[in-house]
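Colleague: Please take me closely through one part of this model, the packing of a pair of helices. I would also like to hear what lies around it and how far I can trust the picture.

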Amino acid sequence: MESPAFSLQSVYDQVAAFATLYGFKILLAIIILVIGLWLTNQVVRMLSAVMSKRHVDRDVQPFLLSLVNVLLKVLVLLSVASTLGVETTSFVAIIGAAGLAVGLALQGSLANFAGGVLILTFKPFRVGDLISAQGFTGTVEAIRIFDTVLITPDNRTIVLPNGALSTSPMTNISGKGTIRVDMVFAAGNANSVDSIKTSIARVIDTCPYAQKDRTHDILVTKLTELAFHFDVRVWTSSDTYWETYYYIHEGIARQFAKDGIKGPEPSITVMGNFSNASNGLLTRQAA
């Protein structure tokens, strides 16, 4: 049976031999890793400051910073592997094979990545634009590599994948800077058309968001037995779309009440013949 002293001495010799053979490489690899990650963070920060100073498109900045950050960290890891004696050529081949397998498994993510590149290249919308896509309407908060973040008017955060966003119909409400707010209103046909149009025009004239140099439309579009229907079209800035929409609706409700404009009144049609009964109530007779 081996003595404890002999076992401890054997372990000590093995550790010493390992430290002599690999200790310096491991220490150097740790130093390269720490310094490399620190330098990567510094480069990304400097690049962000330079792009902001030179007014690089803010839609592109997050994408470029993420790409540079990933590439530099990959280079750092390759340097660490080379320092430890790992053949980098084999390592790169392994990464390539793994990348192919991962790419096949993540085709949707690659489609989103390609969609992000297309959006940043052709710029169908920018950060800050109000858009409507995939059944959602909101302001673009960020365009990232794989997805786009929208903030809805009720302050919900919507994340849309770039793949579908780049290949499906999308409306950029803020694209031209000026937008027309289309609304529909109805008033009872007991009122005159001119009085209704005058009330609506008063609201538009007092709306602080309506552009004064544009012609706004108040058009009769439908006539029914009970009501006149109007299309009201007001031009405003893209940034005040919803403010204009709600101001006009509330303003017309108040103005109609002030001007005595009545709404459509429901009517009831009763079929059959009626005669006065002895008790004074109407009774129905068979036709």
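Modeller: Happily! The secondary structure of the chain comes to 7 helices and 10 strands, where helices (H or I, at least four residues) and strands (E, at least two) are DSSP runs numbered from the N terminus. This is a predicted model, so local features need a pLDDT of at least 70 and side-chain atom pairs count only at pLDDT 80 or more, while totals for chains, interfaces and linings use all residues. Residues are numbered from 1 along each chain as its sequence is written, and side-chain values use heavy atoms, with hydrogens and water left out.

As for trust, pLDDT is the predictor's confidence in each residue, from 0 to 100. The chain averages 79, and 74% of the residues score at least 70. Helix α6 has the highest mean pLDDT among the elements, 94, and strand β10 (residues 282-285) the lowest, 42.

Now to your pair of helices. Two packed helices are described by the angle between their axes and the distance between the axes. The axes of α6 (residues 193-206) and α7 (residues 241-259) come within 9 Å and cross at roughly 135 degrees; they are lines fitted to C-alpha atoms over the stretch in contact, with angles from 0 to 180 degrees between N-to-C directions. The two helices are therefore oblique to each other, given that angles under 35 degrees count as roughly parallel, over 145 as roughly antiparallel, 65 to 115 as roughly perpendicular and the rest as oblique. The crossing of α6 past α7 is right-handed, meaning that the near helix is turned clockwise from the far one by less than a right angle.

On the α6 side, the contact (heavy atoms within 4.5 Å) is made by Ile196, Ser199, Ile200, Arg202, Val203, Ile204 and Thr206. Facing them from α7 are Tyr247, Ile248, Gly251, Ile252, Gln255, Phe256 and Asp259. Sorted by class, that gives 8 nonpolar, 4 polar and 2 charged residues. Here Ala, Val, Leu, Ile, Met, Phe, Trp, Tyr, Cys and Pro count as nonpolar, Asp, Glu, Lys and Arg as charged, and the others, Gly among them, as polar.

Let me add two residues around this pair. Thr244 sits in α7 and is buried, with a relative accessible area of 0%; buried means under 20%, exposed over 50% and partly exposed in between, with a 1.4 Å probe and protein chains only. Beyond its neighbours within four places in sequence, Thr244 is in contact with Val181, Cys207, Tyr209, Val234 and Thr236. Gln211 belongs to the loop between α6 and β7 (217-223), and at 19% relative accessible area Gln211 is buried as well. Not counting residues up to four places away in sequence, Gln211 touches Thr178, His216, Trp235, Thr236 and Ser237. Thr236 thus appears among the contacts of both Thr244 and Gln211.

For the wider setting, buried residues make up 27% of the 287 residues in the chain. Among contacts between residues at least 6 apart in sequence, 63% join residues at least 24 apart.

One friendly caution to finish. Over residues 277-287, pLDDT stays under 50, and the model has 15 contacts beyond four places in sequence for them. Where pLDDT is low, the predicted coordinates should not be read in detail.
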